[in-house]
Amino acid sequence: FLPIISAAYAFRFCSAKQRRNILIIFAVIILFILINTIHALERDAWIARILAQDKSTDTAEIRAYRMGNVGGFEFSYMVGVVVLCLTWAALKYRNIKAKILCIVGAAVCFYYIIQTMYMTLLLLTFGGVILLLFFKTKSRLVKIAIVLGSIVVAFSLAPLFKYLSEVFSGSLLSTKFMQFYTALTGGGADSLGSRPELIREAVARWLKSPIWGGYETSDRTHSTVFSLLEATGMIGLFSFLGCLFGSYKMISTELKKN
């Protein structure tokens, strides 16, 4: 929630010039870390995933990457949000140069996401971009094309995932796409790796104390939602979601004022 508090402060107490300068500084820092991480990924394609490990498993090599401003899990997902922001800006700007700059920035960030091999991030970002194009474009032709394309994709997901698996041959994305293909062709949820089983186990622990949680917990659920459920129950989850909703309302109100 620190970024939300910082944004609210900037809206309420900073001038338009100061807010612009903050955005410029933010963009420079992000670009610096992005370049460092892309270089690190060229040397070790797994580094972004390695840096997602718990800090307790830290090694001298991993620490060197962290101290070298190489991005990991949190940075990578933030880049996904930046892609959506740049896509939105490209659709909103009337200035052609600004549009091109935003499109190039979004393309570079999307290339980075592919390099990190985070399957969920890739799908979420791609889906978010499609939704933005549909809801923010004024062209009916583009909207019709998106709807028709989505229908075609929906009915050809299995062969599409198999094709993408071949496109990304040799990377973790290839394995992930093949898991989706197997799941859609009769393999079931268990074909998607260990995560479905970990979530089932988390649900089983949560059901032992659904209101308060805390009956039994694990650090291997790979899910914020299910970790919250098993640790703090429905009370904890709804408290967290309430904070998120309150934050959204606060920021959206400040945006409308400005």
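Contact here means heavy atoms within 4.5 Å. The legends below describe a predicted model.

**Figure 1. Overall fold of the predicted model, a protein with 12 helices and 0 strands.** Along the sequence, the elements follow the pattern α-α-α-α-α-α-α-α-α-α-α-α. The C-alpha trace spans about 50 × 45 × 45 Å along its principal axes. Of the 258 residues in the protein, 30% are buried. Among contacts between residues at least 6 apart in sequence, 51% join residues at least 24 apart.

**Figure 2. Surroundings of Thr116 in helix H6.** Thr116 has a relative accessible area of 0% and is therefore buried. With neighbours within four places in sequence left aside, Thr116 is in contact with Leu41, Ala48, Arg49 and Ser76. One of these, Ser76, belongs to H5 and also takes part in the meeting of H5 with H7, the subject of the next view.

**Figure 3. Packing of helix H5 (residues 73-92) against helix H7.** The two helices pack at an angle of about 15°, and their axes lie 10 Å apart. H5 and H7 are therefore roughly parallel to each other, an assignment that applies to angles under 35 degrees. Their crossing is right-handed. From H5, the residues in the contact are Ser76, Tyr77, Gly80, Val83, Leu84, Thr87, Trp88 and Leu91. From H7, they are Thr120, Leu121, Leu124, Thr125, Gly128, Val129, Leu132, Leu133 and Lys136. By class, this contact has 10 nonpolar, 6 polar and 1 charged residues.

**Figure 4. Helix H10 (residues 172-187) and the helices around its buried residues.** A straight helix of 16 residues would span 22 Å at 1.5 Å a residue, whereas H10 spans only 19 Å between its end C-alpha atoms. Leu172, Leu173, Ser174, Phe177 and Gln179 are buried in H10. The buried residues of H10 pack against four elements: helix H3 (47-50), helix H6 (96-116), helix H7 (119-136) and helix H9 (157-167). H6, one of these partners, holds Thr116, while H7 is also the partner of H5.

**Figure 5. Packing of helix H11 (residues 195-206) against helix H12.** H11 and H12 pack at an angle of about 5°, with axes 9 Å apart. This angle makes H11 roughly parallel to H12. Ile199, Ala202, Val203, Arg205 and Trp206 represent H11 in the contact. They meet Phe226, Leu229, Glu230, Gly233 and Met234 of H12. Sorted by class, the contact of H11 with H12 has 7 nonpolar, 1 polar and 2 charged residues.

**Figure 6. Packing of helix H1 (residues 2-13) against helix H12 (residues 224-257).** The angle between H1 and H12 is about 25°, and their axes are 10 Å apart. H1 and H12 are therefore roughly parallel to each other. H1 passes H12 in a left-handed crossing. On the H1 side, the contact holds Ile4, Ala7, Ala8, Phe11 and Arg12. On the H12 side, it holds Ser247, Met250, Ile251, Glu254 and Leu255. The contact of H1 with H12 has, by class, 7 nonpolar, 1 polar and 2 charged residues. H12 thus appears in two views: H1 meets residues of H12 that include Ser247 and Leu255, and H11 meets residues of H12 that include Phe226 and Met234.

Methods: Residues numbered from 1 in each chain as written. Predicted model: local features only at pLDDT ≥ 70, side-chain atom pairs only at ≥ 80, totals over all residues. Heavy atoms only, no water. Axes fitted to C-alpha atoms, helices over the stretch in contact; angles between N-to-C directions. Parallel < 35°, antiparallel > 145°, perpendicular 65-115°, else oblique. Left-handed = near helix turned anticlockwise from the far one by under 90°. Nonpolar A, V, L, I, M, F, W, Y, C, P; charged D, E, K, R; others polar. Expected span 1.5 Å × (residues − 1). Buried < 20%, exposed > 50% of the residue type's maximum accessible area, 1.4 Å probe, protein only.
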